[in-house]
Amino acid sequence: MMGPSHALSGAAVWLTGSWALDQFADYHQTPLALAVGTAVCAGGALFPDLDLSGKVTRNQGGATVARTFGVFSLFVAEVMEKISLGVYYATKLSKDPRRNNGHRTLTHTIPFTVLVGWGTTALCAHYGKWAVVGILFFMIGLALRGLFDEWAERAGWVVVTLVSAAAAWFTFANLPGDRGYPMIGLAMGVGCFVHILGDMITRAGVPILWPIPIRRRMWTMIGLPNKIALRTGSKAETVVLRAALTVLAVLAAVGLVAPSVLQRFDIQV
């Protein structure tokens, strides 16, 4: 799937899950916590595509999300792509094909998703709000690039960077201290997993079963059959799927916000 679809799916899943927790588990979140979780999950749903590098010195190519912070994020994507390709060749079996890039390998696996979620949680627990501000800066930037792709393209990476920094610092200043912030790690992990599920419904698929060997292949791509698989950039994705995700996100957000608004104005329903 394309970047905006991934980011929108992350936001929709987090808002819907938050609504379900609010309704059935009596787990309430403040508006700031809800906004932070949604942004991190949307950014996390783009994070795995940082394995698609481009031309760092020219600020060209690669995944759209890899250009979020200009040459800096392209460099991160270059490093991640090379690590992914290295892991691919270090673990490939006889039936695995040769590759010249690491896209849709390591970062599109369950172990990577678990590692990202656990690592984020550990950083927040150990370093507190200072880790949170760094993670939020990066994730808010990815979320902006995905959810507001056309605006981000026109504004340029410098503006996106400044907006991300301002939003991260505002959140840092208003978040309560002395907490482990486990929901941020959960949002990162959920976002990465949603990304994997999104790519599974496309023709290329993802190696979601890695590192389980199947018929002398370690990197078996799992996805829908071509007849029913989603074609990247098609109307089915850019119109139908995004419309459905937008409706889901809006309904969940309204369901979360409406009760507090009605209570504030003492409106009985």
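The overall fold, the aromatic pairs and a nonpolar surface patch are described here in turn. The model is a predicted one.

Nine helices and two strands make up the secondary structure of the chain. Followed along the sequence, these elements come in the order α-α-β-β-α-α-α-α-α-α-α. The C-alpha trace extends over about 65 × 40 × 35 Å along its principal axes. For 269 residues, a compact globule would have a radius of gyration near 18 Å, and the 19 Å of the chain agrees with that value. Of the contacts with a separation of 6 or more, 70% join residues that lie 24 or more positions apart. Buried residues account for 43% of the 269 residues. The chain exposes about 14000 Å² of surface, and 68% of this area is supplied by carbon and sulfur atoms.

Turning to the rings, the chain holds eleven aromatic pairs. One of them is formed by Trp-19 and Phe-24, an edge-to-face pair with 5.9 Å from centre to centre and 90 degrees between the planes. Trp-19 has a relative accessibility of 31% and therefore counts as partly exposed, whereas Phe-24, at 68%, counts as exposed. Phe-69 and Phe-138 offer another geometry: their ring centres are 5.7 Å apart and their planes meet at 25 degrees, so this pair is stacked. Distant parts of the chain are linked by the pair, since Phe-69 sits in the loop between strand 2 (60–61) and helix 3 (71–91) while Phe-138 belongs to helix 5 (residues 129–147), 69 residues apart. With a relative accessibility of 5%, Phe-69 is buried; Phe-138, at 21%, is partly exposed, because the buried class covers values under 20%. Both residues also take part in a wider arrangement, a cluster in which ring pairs link Phe-47, Phe-69, Phe-112, Phe-137 and Phe-138.

On the surface, a nonpolar patch is formed by Leu-147, Phe-148, Trp-151, Val-159 and Val-163. Together these residues present about 390 Å² of accessible area. One member of the patch, Val-163, lies in helix 7, which runs over residues 157–174. The relative accessible area of Val-163 is 34%, so this residue is partly exposed. That value also satisfies the patch criterion, because patch residues need over 30% relative accessible area.

Technical notes
Residues numbered from 1 in each chain as written. Predicted model: local features only at pLDDT ≥ 70, side-chain atom pairs only at ≥ 80, totals over all residues. Heavy atoms only, no water. Patch = residues over 30% accessible without salt bridge, like charges linked within 9 Å, V, L, I, M, F, W, Y side chains within 5 Å. Areas by Shrake-Rupley, 256 points an atom, 1.4 Å probe, with all protein chains shown as cover. Salt bridge = Lys/Arg side-chain N within 4 Å of Asp/Glu carboxyl O. Helix = DSSP H or I, 4+ residues; strand = E, 2+ residues; numbered from the N terminus. Buried < 20%, exposed > 50% of the residue type's maximum accessible area, 1.4 Å probe, protein only. Rg over C-alpha atoms; globule rule 2.2 N^0.38 Å. Contact = heavy atoms within 4.5 Å. Phe/Tyr/Trp six-rings, centres within 6.5 Å; stacked < 30°, edge-to-face > 60°.
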